[in-house]
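Welcome, and thanks for taking a look at this model with us. Please have the sequence and the 3D view open side by side as you read.

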Amino acid sequence: LQLRGASTQSQKRVCIIGAGVAGLQTARALRAQGFQTTVFESTGDIGGVWQSNYVNFGLQVPRQVYEFPDFPFARAKWNSYPKGTEVFQYIQDYAQHFDLKRHIRFNTSVKQVQSDKDTWKVTIQTNDQKETQTFDYCVVSTGMYINPNMPNWSDRSRFQGKIFHSSDFTSLDGLAGKKVVVIGNGKSAVDCAVNASTAGAKTTLLSRNAHWPTPRKIANLIELQYIFYSRFGQALIVGHKGPMPDAAANYDTLMYQFGWPVFAAIFKVVEVLFAAQFRQLNKSELSPFGKADVVEDFYSAPQVMDYSLRDAVKAGTIKWLKGEVSKFTESGLGLVGSDDLLEADVVVCGTGFSKDYSIFEESVREMLGREEDGLWLHRHILPTKVPNLAFIGSEVGTVSNITTHSIQAAWLGQAWAGKMSLPSTEQMEKSLEAMKVWKRSWMPKSSVRSNQVLLHQISYHDSLLKDMGFNHHRKAPNYLKEVFQPYQSGDYDGIVEPPTASDSEPAESGAEPQAEAA
């Protein structure tokens with residue numbers, strides 16, 4: 001894959017869109033390789049979704065797998081599942097420690113990105129002022145959660161109550177005694193329903209499908225990460241659903257080819273165990289037991305949960321219904337296949353987020369080649385037909401996103417600095433075709449199926465590390481730990497190189513990208 005432009009590395013200018021955990025780590029990794037970076041952030045602060053979200057939001061995975069690899073959480077302050085405000089403060093501490101804010105332009109939205117021969121013309125807007133700047137490279141780091149996905153109900157204007165997305169459910173004030181309907185069955189929907197019920201609202205959770213919840217502790221004894229975030233746990237996943245193309249060792253392929261019936265039986269036992277923990281052995285219409293494979297379903301609706309919903313349903317403080325909205329009335333909503341009306345004062349939509357590539361001109365969007373199930377990129381980073389454009393943290397879903405972003409950023413820095421060779425375009429596309437066949441053979445169809453790595457993340461990280469020439473056995477030479485201990489963020493410390501001498505100096509006005517009137 002050819003890199004455009006003839007500028008020396010110390011002059012190469014990179015536009016990074018977004019100052020969340022991906023954008024911050026991308027700026028740091030690229031500056032460590034000598035690039036000049038400017039981060040454009042549309043809001044007034046760093047952190048992305050961690051700035052503000054629904055009330056009482058927080059990590060759904062243990063903090064040990066959601067850390068910057070070389071900047072661990074302050075373990076004395078926070079528990080294993082920090083709140084959103086604590087994660088936000090942690091991100092602030094990271095940015096301050098590595099002096100990253102001086103490279104960010106806040107309250108600046110990227111309006112258009114245009115390809116112009118060997119450069120990118122990036123049109124930005126700060127307040128009412130527009131300008132266009134020129135860059136050699138562009139990185140999209142806006143994350144997986146960009147635009148709140150609101151269902152398009154044609155008659156929602158009839159409803160006299162309030163309707164909003166879960167990300168705007170930021171206060172419980174005035175909910176006591178109100179009738180609240182939460183739509184969805186993902187982590188955000190469940191959390192919003194639990195929060196509404198604890199505030200004294202008459203709460204209904206309306207779910208279209210049954211999904212498997214994953215407990216924080218397996219059998220109430222074993223921490224989740226010891227099963228699913230270890231090489232042993234990944235071997236179970238690989239034995240059940242096969243290895244990722246281009247990321248498999250020989251034994252992975254053999255294990256799947258000859259051992260899949262054994263692993264299928266193992267996960268049937270896991271399903272019984274999970275169903276027992278969440279009291280879903282009765283196979284009710286909202287129980288996934290006997291209806292969905294637990295691993296396949298995780299790739300459709302990944303969620304790690306405590307027992308708050310289970311206990312609230314048992315106590316009667318949350319009514320959980322299976323159904324889909326058919327219409328709105330002034331005082332509530334109707335359900336498909338039912339004449340009953342579900343009364344509501346407030347409707348909260350825990351209906352996820354959607355992607356948006358409209359900042360790119362049409363010719364670039366065509367070359368990106370987005371398909372029905374997402375954007376397919378080499379290593380979930382590089383488009384095969386658009387040089388000098390990358391996506392960090394925006395087109396990949398793992399269980400340790402923050403760690404993945406760090407490794408991706410280091411990989412990109414080495415690739416663009418010419419420190420590792422990239423496959424040809426033809427080789428990349430051949431590899432992507434194999435990935436499409438594999439994912440489409442078993443992963444549930446969705447608009448982001450192309451992004452999903454999740455429980456195969458160790459294999460994915462291994463591939464990135466091998467590309468960079470790092471030892472992917474991070475716990476070696478202790479191979480018992482290598483196999484059975486969970487891989488945590490700190491295991492990847494040292495992947496990002498120290499900053500260059502020039503990056504430790506104050507930014508100079510002459511280092512800013514060239515600007516022109518818009």
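The points below go from confidence to cores, then to single residues, strands and backbone details.

This is a predicted model. The average pLDDT of the chain is 91, and 93% of the residues score at least 70. Two stretches with pLDDT under 50 are listed first, so that you can set them aside while you browse.

**Confidence along the chain**

- Over residues 1–7, pLDDT stays under 50; the model gives this stretch 23 contacts beyond four places in sequence.
- Residues 504–518 also have pLDDT under 50 throughout, with 25 contacts beyond four places in sequence.

**Nonpolar cores**

- The largest nonpolar core has 108 residues. The members that touch the most others are Phe-228, Ile-381, Trp-411, Leu-412 and Trp-416.
- Helix H10 (residues 401–416) supplies the largest share of this core, with eight residues.
- Another core, of 20 residues, lies apart from it; Cys-15, Val-122, Leu-368 and Val-386 are among its members.
- Looking beyond four places in sequence, you will find Leu-412 touching Leu-30, Val-139, Ile-381, Leu-382, Ala-390 and Ile-392.
- As general background, nonpolar side chains tend to be buried together in soluble globular proteins.

**His-240 and Val-295**

- His-240 belongs to helix H5 (residues 231–241). Its relative accessible area is 10%, so His-240 is buried.
- The side chains of His-240 and Asp-293 make a polar contact at 2.8 Å.
- With neighbours within four places in sequence left aside, the contacts of His-240 are Tyr-256, Phe-263, Ala-264, Phe-267, Asp-293 and Val-295.
- Val-295 sits in helix H7 (residues 294–298) and counts as buried because its relative accessibility is 2%.
- Seen from Val-295, with the same neighbours within four places left out, the contacts are Ile-237, His-240, Lys-241, Phe-267 and Trp-442.
- Val-295 and Arg-310 are 15 residues apart along the chain, and their C-alpha atoms are separated by 21 Å.

**Helix H8**

- In helix H8 (residues 308–315), the buried residues are Leu-309, Arg-310 and Ala-312.
- Gly-316 follows H8 and has a positive phi, near 85 degrees.

**Strand pairings**

- Strands S17, S18 and S19 form an open sheet in the order S17-S18-S19, with antiparallel pairing.
- S17 (325–328) and S19 (341–343) stand at the edges with a single partner strand each, so one side of each has no neighbour in the sheet.
- On average, neighbouring strands of this sheet are turned by 35 degrees against each other, direction ignored.
- Three bridges link S18 (residues 332–335) to S19 in the antiparallel sense, and Gly-334 stands opposite Leu-341 in S19.
- Elsewhere, strand S9 (residues 162–165) runs parallel to strand S20 (residues 346–349), and four bridges join them.
- Within that pairing, Cys-349 in S20 is the bridge partner of His-165.
- The covered face of S9 carries Ile-163 and His-165, whereas Lys-162 and Phe-164 are on the uncovered one.

**Gly-397 in strand S23**

- Gly-397 is part of strand S23 (residues 397–398) and is buried, because its relative accessible area is 7%.
- Leaving out neighbours within four places in sequence, Gly-397 is in contact with Met-144, Asn-451, Gln-452, Val-453 and Leu-454.
- Lys-217 is 180 residues from Gly-397 along the chain, and the two C-alpha atoms are separated by 22 Å.

**Backbone details in loops**

- Ala-476 and Pro-477 are joined by a cis peptide bond, with omega about 10 degrees. Pro-477 lies in the loop between helix H12 (457–468) and helix H13 (479–484).
- Asn-220, a residue other than glycine, has a positive phi near 60 degrees. Asn-220 is placed in the loop between strand S13 (217–218) and strand S14 (222–223), and its 46% relative accessibility makes it partly exposed.
- His-380 likewise has a positive phi, near 60 degrees. This residue is in the loop between helix H9 (362–368) and strand S22 (389–391).
- Is His-380 buried or exposed? At 6% relative accessibility, His-380 counts as buried.

How values were computed: Residues numbered from 1 in each chain as written. Predicted model: local features only at pLDDT ≥ 70, side-chain atom pairs only at ≥ 80, totals over all residues. Heavy atoms only, no water. Buried < 20%, exposed > 50% of the residue type's maximum accessible area, 1.4 Å probe, protein only. Helix = DSSP H or I, 4+ residues; strand = E, 2+ residues; numbered from the N terminus. Pairing = 2+ DSSP bridges. pLDDT = per-residue confidence, 0-100. Contact = heavy atoms within 4.5 Å. Axes fitted to C-alpha atoms, helices over the stretch in contact; angles between N-to-C directions. Polar contact = N/O pair within 3.5 Å; in protein donor to acceptor, adjacent residues only side chain to side chain. Core = buried A, V, L, I, M, F, W, Y, C linked by side-chain atoms within 4.5 Å.
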